[in-house]
Amino acid sequence: MIKIPERIERIMEELRGLYKLRVFEDKDPYRVLIRTILSQRTRDENTDQATLKLFNKYPDMEDVALAPQDKLEKLVKSAGFYRVKSKRIKEVSHILMDDYNGVVPDTMEELLKLPGVGRKTANCVLVYAFEKPAIPVDTHVHRISNRLGLVNSKEPDKTELELEKIIPKTYWIELNDLMVQFGQDICRPIGPKHEECPLAEICDYYQDILNQK
DNA sequence: AAAACGGGGGC
DNA sequence: GCCCCAGTTTT
(Lines give C-alpha, C1' and ligand atoms only; values in the text may rest on other atoms or scores of the structure.)
Protein backbone atom coordinates (compact mmCIF):
# COMPACT_ATOMS: atom_id res chain seq x y z
CA MET A 1 0.00 0.00 0.00
CA ILE A 2 1.76 3.11 -1.23
CA LYS A 3 1.58 6.41 0.58
CA ILE A 4 -0.88 9.09 -0.50
CA PRO A 5 1.59 11.59 -2.04
CA GLU A 6 3.19 8.89 -4.17
CA ARG A 7 -0.22 7.53 -5.03
CA ILE A 8 -1.36 10.96 -6.25
CA GLU A 9 1.73 11.40 -8.36
CA ARG A 10 1.31 7.96 -9.86
CA ILE A 11 -2.35 8.58 -10.65
CA MET A 12 -1.81 12.00 -12.21
CA GLU A 13 1.12 10.82 -14.31
CA GLU A 14 -0.90 7.88 -15.62
CA LEU A 15 -3.86 10.12 -16.44
CA ARG A 16 -1.58 12.61 -18.19
CA GLY A 17 -0.25 9.77 -20.29
CA LEU A 18 -3.70 8.51 -21.17
CA TYR A 19 -5.52 11.75 -21.91
CA LYS A 20 -4.98 15.25 -23.13
CA LEU A 21 -6.34 18.16 -21.13
CA ARG A 22 -9.30 19.55 -23.03
CA VAL A 23 -9.81 23.26 -22.75
CA PHE A 24 -12.71 25.34 -23.94
CA GLU A 25 -11.71 27.04 -27.15
CA ASP A 26 -13.87 29.88 -25.92
CA LYS A 27 -12.71 30.93 -22.47
CA ASP A 28 -15.09 33.86 -22.24
CA PRO A 29 -16.30 33.61 -18.62
CA TYR A 30 -19.94 34.15 -19.52
CA ARG A 31 -19.87 31.41 -22.13
CA VAL A 32 -18.02 29.03 -19.85
CA LEU A 33 -20.59 29.70 -17.13
CA ILE A 34 -23.60 29.09 -19.36
CA ARG A 35 -22.04 26.04 -20.96
CA THR A 36 -21.25 24.61 -17.56
CA ILE A 37 -24.81 25.09 -16.33
CA LEU A 38 -26.07 23.33 -19.45
CA SER A 39 -23.60 20.51 -18.84
CA GLN A 40 -25.02 19.56 -15.46
CA ARG A 41 -25.99 15.88 -15.43
CA THR A 42 -25.49 15.88 -19.17
CA ARG A 43 -23.10 14.30 -21.62
CA ASP A 44 -20.69 16.38 -23.68
CA GLU A 45 -22.24 15.85 -27.11
CA ASN A 46 -25.65 16.98 -25.93
CA THR A 47 -24.18 19.93 -24.05
CA ASP A 48 -22.14 21.00 -27.06
CA GLN A 49 -25.13 20.88 -29.35
CA ALA A 50 -27.28 22.93 -27.00
CA THR A 51 -24.53 25.49 -26.36
CA LEU A 52 -23.87 25.89 -30.07
CA LYS A 53 -27.52 26.42 -30.91
CA LEU A 54 -28.00 28.81 -28.02
CA PHE A 55 -25.07 31.11 -28.82
CA ASN A 56 -25.73 30.92 -32.53
CA LYS A 57 -29.13 32.49 -31.96
CA TYR A 58 -28.36 34.56 -28.86
CA PRO A 59 -24.62 35.39 -28.85
CA ASP A 60 -24.46 37.74 -25.87
CA MET A 61 -25.52 37.99 -22.27
CA GLU A 62 -28.08 40.63 -23.11
CA ASP A 63 -29.62 38.49 -25.87
CA VAL A 64 -30.12 35.57 -23.50
CA ALA A 65 -31.49 37.83 -20.78
CA LEU A 66 -34.12 39.21 -23.16
CA ALA A 67 -34.90 36.02 -25.08
CA PRO A 68 -38.39 34.52 -24.77
CA GLN A 69 -38.47 31.58 -22.40
CA ASP A 70 -39.98 29.17 -24.92
CA LYS A 71 -37.30 29.96 -27.51
CA LEU A 72 -34.57 29.26 -24.97
CA GLU A 73 -36.22 25.99 -23.99
CA LYS A 74 -36.21 24.81 -27.57
CA LEU A 75 -32.58 25.73 -28.15
CA VAL A 76 -31.19 23.97 -25.08
CA LYS A 77 -33.54 20.99 -25.18
CA SER A 78 -30.86 18.47 -26.06
CA ALA A 79 -29.05 19.21 -22.80
CA GLY A 80 -31.96 17.81 -20.81
CA PHE A 81 -33.61 19.42 -17.75
CA TYR A 82 -34.28 22.06 -20.33
CA ARG A 83 -37.07 23.96 -18.57
CA VAL A 84 -35.15 24.62 -15.40
CA LYS A 85 -31.87 25.17 -17.25
CA SER A 86 -33.32 27.69 -19.69
CA LYS A 87 -34.94 29.55 -16.82
CA ARG A 88 -31.65 29.65 -14.93
CA ILE A 89 -29.46 30.86 -17.78
CA LYS A 90 -31.96 33.62 -18.50
CA GLU A 91 -32.07 34.59 -14.85
CA VAL A 92 -28.30 34.43 -14.50
CA SER A 93 -27.89 36.66 -17.53
CA HIS A 94 -30.33 39.15 -16.07
CA ILE A 95 -28.59 39.22 -12.71
CA LEU A 96 -25.17 39.64 -14.29
CA MET A 97 -26.45 42.58 -16.34
CA ASP A 98 -28.27 44.23 -13.46
CA ASP A 99 -26.04 43.56 -10.47
CA TYR A 100 -22.60 42.76 -11.88
CA ASN A 101 -22.27 45.29 -14.68
CA GLY A 102 -22.15 42.44 -17.17
CA VAL A 103 -19.01 40.93 -15.64
CA VAL A 104 -18.93 37.33 -14.39
CA PRO A 105 -17.48 37.31 -10.85
CA ASP A 106 -14.29 35.34 -10.25
CA THR A 107 -14.80 34.28 -6.65
CA MET A 108 -16.56 31.25 -5.21
CA GLU A 109 -18.59 33.42 -2.87
CA GLU A 110 -20.12 35.54 -5.62
CA LEU A 111 -20.57 32.70 -8.11
CA LEU A 112 -22.55 30.67 -5.57
CA LYS A 113 -25.13 33.46 -5.36
CA LEU A 114 -26.14 32.88 -8.97
CA PRO A 115 -29.11 30.58 -9.66
CA GLY A 116 -28.08 27.16 -10.94
CA VAL A 117 -24.53 27.57 -9.71
CA GLY A 118 -23.33 25.14 -7.06
CA ARG A 119 -19.77 24.31 -6.01
CA LYS A 120 -19.08 22.12 -9.04
CA THR A 121 -20.18 24.75 -11.55
CA ALA A 122 -18.46 27.58 -9.68
CA ASN A 123 -15.21 25.66 -9.59
CA CYS A 124 -15.48 24.92 -13.31
CA VAL A 125 -15.79 28.64 -14.03
CA LEU A 126 -12.81 29.43 -11.79
CA VAL A 127 -10.66 26.81 -13.53
CA TYR A 128 -11.76 26.97 -17.15
CA ALA A 129 -12.54 30.68 -17.50
CA PHE A 130 -10.18 32.32 -15.02
CA GLU A 131 -7.50 29.62 -14.85
CA LYS A 132 -7.54 29.75 -11.08
CA PRO A 133 -6.67 26.54 -9.23
CA ALA A 134 -9.86 24.82 -8.08
CA ILE A 135 -11.17 21.26 -8.02
CA PRO A 136 -14.61 20.79 -9.58
CA VAL A 137 -16.01 17.62 -8.03
CA ASP A 138 -18.60 15.90 -10.16
CA THR A 139 -19.73 12.30 -9.89
CA HIS A 140 -16.67 11.10 -11.82
CA VAL A 141 -14.16 12.81 -9.56
CA HIS A 142 -16.16 11.73 -6.52
CA ARG A 143 -16.34 8.09 -7.56
CA ILE A 144 -12.77 7.78 -8.79
CA SER A 145 -11.22 9.53 -5.79
CA ASN A 146 -13.00 7.09 -3.51
CA ARG A 147 -12.18 4.01 -5.58
CA LEU A 148 -8.50 4.94 -5.69
CA GLY A 149 -8.40 5.55 -1.96
CA LEU A 150 -7.57 9.26 -2.16
CA VAL A 151 -10.57 10.12 0.00
CA ASN A 152 -13.19 8.37 2.05
CA SER A 153 -16.33 10.36 1.51
CA LYS A 154 -20.02 9.97 0.82
CA GLU A 155 -20.64 13.53 -0.37
CA PRO A 156 -18.99 15.45 -3.22
CA ASP A 157 -18.51 18.52 -1.01
CA LYS A 158 -16.53 16.49 1.49
CA THR A 159 -14.56 14.91 -1.34
CA GLU A 160 -13.67 18.39 -2.58
CA LEU A 161 -12.42 19.46 0.84
CA GLU A 162 -10.36 16.31 1.28
CA LEU A 163 -8.87 16.55 -2.20
CA GLU A 164 -7.93 20.18 -1.65
CA LYS A 165 -5.94 19.09 1.39
CA ILE A 166 -3.91 16.38 -0.30
CA ILE A 167 -3.60 17.26 -4.01
CA PRO A 168 -0.63 19.53 -4.89
CA LYS A 169 -1.93 22.72 -6.47
CA THR A 170 -0.06 22.08 -9.68
CA TYR A 171 -2.55 19.30 -10.42
CA TRP A 172 -5.78 21.14 -9.57
CA ILE A 173 -6.52 22.63 -12.97
CA GLU A 174 -6.26 19.36 -14.87
CA LEU A 175 -7.64 16.94 -12.29
CA ASN A 176 -11.32 17.26 -13.14
CA ASP A 177 -10.98 16.97 -16.89
CA LEU A 178 -8.55 14.06 -16.80
CA MET A 179 -10.68 12.15 -14.30
CA VAL A 180 -13.83 12.77 -16.33
CA GLN A 181 -12.19 11.22 -19.38
CA PHE A 182 -10.88 8.35 -17.29
CA GLY A 183 -14.36 7.91 -15.80
CA GLN A 184 -16.10 7.74 -19.17
CA ASP A 185 -13.48 5.50 -20.67
CA ILE A 186 -12.20 3.06 -18.04
CA CYS A 187 -13.28 3.80 -14.47
CA ARG A 188 -16.95 3.80 -15.39
CA PRO A 189 -19.73 3.93 -12.79
CA ILE A 190 -20.92 0.48 -13.86
CA GLY A 191 -18.67 -2.08 -15.48
CA PRO A 192 -15.25 -0.48 -15.02
CA LYS A 193 -12.60 -1.94 -17.30
CA HIS A 194 -10.17 -3.29 -14.73
CA GLU A 195 -8.21 -5.22 -17.38
CA GLU A 196 -7.38 -2.02 -19.24
CA CYS A 197 -6.78 0.06 -16.14
CA PRO A 198 -3.16 1.07 -15.55
CA LEU A 199 -4.06 1.93 -11.95
CA ALA A 200 -5.63 -1.42 -11.01
CA GLU A 201 -2.62 -2.45 -8.96
CA ILE A 202 -2.98 0.53 -6.63
CA CYS A 203 -6.80 0.63 -6.67
CA ASP A 204 -8.58 -0.10 -3.39
CA TYR A 205 -11.82 -0.84 -5.20
CA TYR A 206 -10.21 -3.39 -7.51
CA GLN A 207 -8.30 -5.03 -4.69
CA ASP A 208 -11.58 -5.45 -2.78
CA ILE A 209 -13.11 -7.15 -5.78
CA LEU A 210 -10.13 -9.50 -6.07
CA ASN A 211 -10.39 -10.36 -2.39
CA GLN A 212 -14.06 -11.22 -2.68
CA LYS A 213 -13.39 -13.93 -5.24
C1' DA B 1 -32.87 13.34 3.38
C1' DA B 2 -35.45 12.79 -0.68
C1' DA B 3 -37.73 14.41 -4.77
C1' DA B 4 -37.80 16.72 -9.02
C1' DC B 5 -35.95 18.10 -13.34
C1' DG B 6 -35.14 15.14 -19.04
C1' DG B 7 -33.31 14.12 -23.58
C1' DG B 8 -30.04 10.95 -25.52
C1' DG B 9 -27.30 6.92 -25.76
C1' DG B 10 -26.03 1.99 -24.34
C1' DC B 11 -27.70 -2.35 -24.37
C1' DG C 1 -38.13 -0.71 -24.13
C1' DC C 2 -35.56 0.00 -19.90
C1' DC C 3 -31.88 2.09 -17.36
C1' DC C 4 -28.34 5.35 -16.47
C1' DC C 5 -26.09 9.90 -16.62
C1' DA C 6 -20.30 16.13 -16.32
C1' DG C 7 -25.90 18.92 -10.22
C1' DT C 8 -28.76 22.11 -8.09
C1' DT C 9 -32.86 23.59 -5.98
C1' DT C 10 -37.02 22.69 -3.62
C1' DT C 11 -39.87 20.09 -0.49
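**Protein contacts with DNA strands B and C**

Visitor: How far is a backbone N or O atom of Gly-116 from a phosphate oxygen of DNA strand C?

Guide: This is a predicted model, in which local features need pLDDT of at least 70 and side-chain atom pairs pLDDT 80 or more, while totals for chains, interfaces and linings use all residues. Residues are numbered from 1 along each chain, chains are lettered from A and ligands numbered from 1 in the order written, and side-chain values use heavy atoms, without hydrogens or water. Val-117 also places a backbone N or O atom 3.5 Å from a phosphate oxygen of DNA strand C. For Gly-116, the corresponding distance to a phosphate oxygen of this strand is 2.9 Å.

Visitor: Which helix gives the largest share of the surface near DNA strand C?

Guide: The elements giving two or more residues to this surface are α8 (119-128), α9 (139-147) and α11 (172-185), helices being DSSP runs of H or I with at least four residues. The largest share, 3 residues, comes from α8.

Visitor: Which residues come nearest to DNA strand C?

Guide: A residue counts as near a strand if one of its heavy atoms lies within 4 Å of it. There are 23 residues around DNA strand C, and those that come nearest are Asp-44, Thr-121, Thr-139, His-140 and Val-180.

Visitor: Which residue has a side-chain N or O atom 3.1 Å from a base oxygen of DNA strand C?

Guide: Of the atoms of DNA strand C within 4 Å of the protein, 66% belong to sugar or phosphate and the rest to bases. The base oxygen in question is paired with the side chain of Arg-43.

Visitor: What percentage of the atoms of DNA strand B within 4 Å of the protein belong to sugar or phosphate?

Guide: The residues around this strand include Arg-41, Asn-46, Phe-81 and Arg-83. The remainder of the strand's atoms within 4 Å of the protein belong to bases, and the sugar or phosphate share is 55%.

Visitor: How far is a polar side-chain atom of Arg-83 from a phosphate oxygen of DNA strand B?

Guide: For a sugar or linking oxygen of DNA strand B, the distance is 3.5 Å to a side-chain N or O atom of Asn-46 and 2.9 Å to a polar backbone atom of Phe-81. For Arg-83 and a phosphate oxygen, it is 2.7 Å.

Methods:
A polar contact is a pair of N or O atoms within 3.5 Å; within protein, one must be able to donate a hydrogen and the other to accept it, and residues adjacent in sequence count only if both atoms are side-chain atoms.
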